[in-house]
Amino acid sequence: MSQCDILIIGAGPGGYVAAEEAARLGKKVTVIEKNSIGGTCLNVGCIPSKAYLEHAHWLLAAKEASHYGVTVLNDNLDFQKLVARKDQVVATLQSGIQSSFKQLGITYIEGEAAYISDKTFQVNGERVSGKSVILATGSHPFIPPIPGINDVNYLTTDSFFNLKELPQRLIIIGGGIISVELAFAMAPLGVNVTVIEVAPTILATEDDEARSIIREKMEQLGITILEGVSIDRVKENAVILADGKSYSYDNLLVATGRKPNIELAQMMGLELTEKGFIKVDNYYESSQSGVYAIGDLIPGYMLAHVASSEGIKAVRAICRQAEEPVDNSSVPRSLFTMPEIASFGLSEEEAVQQGYDISVGQLPYVYNGRAIASNSAKGFVKIVSEKRYHLLLGAVIVGPHATDILQSLIVLKDAEGTLDQLDKTIFAHPTISELVQEVARLVLRS
């Protein structure tokens, strides 16, 4: 039986980042992964979806350029080459993780871990034990009990990127972030896309005005959006709604959220929350001493960057360098559509509900010279601030590179800075980030 200081089960963005941190802190680390290194995000989530979104962006940019005197011949789409590029991007990043593991002396085992007892597991017929264990086994697609769904072939977000041929008609059940991103990725490639959402609206967690902009863009791309509908049943090649309307498809994608992989936690007898997540304390330690859990297994945002931060914090707690847990109010939330939506912190409504006296400032991208010059004037910057001390409570940015621009605001908040710092900072011109300063000044004058 092999032994290590920290045994990590799962090599996604939580697990592999935790492993690297532990190795840098001098710990002997073993990582077990039953699927592909990099986890959901790298293999079937964040990275491949962004590769496809970039392909769509190229096509849309070429089409837009034709209106202004730049004509790009585009009469043939080789989807196989797009798939190959996506695969190469994934392989490159996988290789980077494997190289990092090798350099740091991390033992990596491909195989499924089975629980034996205490902190000992069996994988590939061998037993592995850790003084501390971090569970980072991620999540799996949630499939709602739609009548007929088990009688048809359908895709999930875990299998969508295995497609080798471009669909002609794609129906996506679900109107959340992943669904909308994939609709944006497919429609510019010539796919007839229909998004079906049983809730009253798509992107229910996003800012109302931001959602309206995205909905308008989806309609411009020819995407059919069905909201607040009831699905009667699914049959081969068609989805039937309760009102009798039928929508045909070549491929059906069910993207209705994810559920944590808690099988190991249940075998270990770990305490769970009412919603089925592993219950942890502020240091990510579970109900069993020395066993930690991070990422999609615990309550909070199911985001790769959150899992990575939790992994680092769990390792530091194990190494007696404990920190405060992840602050959800500082977590960037992104929708990588065209334009992007990026937000963090409190909305106006949430801030008022929490008792803040607030000031809100907002300006459209059309006020910005760089946005106009780059034909990217559809969007806005909104800042929510505490009125007395000008403390930053939240922000929403809609437009190109919104997530990158948002990050400076999060740094300001975490540094306990105020909007006064934005007022006094010199911003490069011409940049879209100048709009952040203009909105901050607008708030300060209110």
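**Exercise 1. Find which side chains meet in a salt bridge at 4.0 Å, N to O, and where the two residues lie.**

Solution. In this predicted model, the side chains of Asp357 and Lys387 meet in a salt bridge, with 4.0 Å from N to O. Asp357 lies in the loop between α9 and β19 (358-364), and Lys387 lies in the loop between β20 and β21 (392-399), so the pair ties together parts that are 30 residues apart in sequence. The last step concerns accessibility: Lys387, at 38% relative accessibility, counts as partly exposed.

**Exercise 2. Work out which parts of the chain the salt bridge between Glu348 and Lys382 ties together, and whether each residue is buried or partly exposed.**

Solution. Begin with the contact itself, in which the side chains of Glu348 and Lys382 meet at 3.3 Å, N to O. Next, place the partners: Glu348 belongs to helix α9 (residues 348-353) and Lys382 to strand β20, so their pairing ties together parts that are 34 residues apart in sequence. Finally, compare each relative accessible area with the cut-off of 20% for buried residues: Glu348 has 22% and is therefore partly exposed, whereas Lys382 has 6% and is therefore buried.

**Exercise 3. Check whether the length of helix α6 (residues 208-220) agrees or disagrees with the expected span, then describe its ends.**

Solution. At 1.5 Å a residue, the 13 residues of α6 should span 18 Å, and the end C-alpha atoms are 19 Å apart, which agrees. At the N-terminal end, Asp207 acts as a cap, since one of its side-chain oxygens lies 3.0 Å from the backbone nitrogen of Glu209. Just after the helix, Gly222 takes a positive phi of about 85°. Among the buried residues of α6 is Arg215, whose side chain meets that of Glu227 in a salt bridge of 2.8 Å, N to O. Glu227 lies in strand β10 (residues 224-227), so this pair ties together parts that are twelve residues apart in sequence.

**Exercise 4. Explain why strand β2 (residues 29-33) is described as largely enclosed, and name its neighbouring strands.**

Solution. Five of the five residues of β2 are buried, so the strand is largely enclosed by the rest of the structure. Val29, Val31 and Glu33 point one way, while Thr30 and Ile32 point the other way. Strand β1 (residues 2-9) pairs with β2 in the parallel sense over four bridges, and Ile6 has Val29 as its bridge partner. Between these two strands the chain passes through helix α1 (residues 15-24), forming a right-handed β-α-β crossover. Strand β3 (residues 107-110) also runs parallel to β2, joined by four bridges, and here Glu33 stands opposite Glu110.

Notes: Residues are numbered from 1 along each chain as its sequence is written. This is a predicted model: local features need pLDDT of at least 70, side-chain atom pairs count only at pLDDT 80 or more; totals for chains, interfaces and linings use all residues. Side-chain values use heavy atoms; hydrogens and water are left out. Buried means under 20% relative accessible area, exposed over 50%, partly exposed in between (1.4 Å probe, protein chains only). Two strands pair if DSSP finds at least two bridges between them. A crossover is right-handed if, with the strands pointing away from the viewer, the path from the first strand over the helix to the second runs clockwise. The expected span of a helix is 1.5 Å times one less than its number of residues. A polar contact is a pair of N or O atoms within 3.5 Å; within protein, one must be able to donate a hydrogen and the other to accept it, and residues adjacent in sequence count only if both atoms are side-chain atoms.
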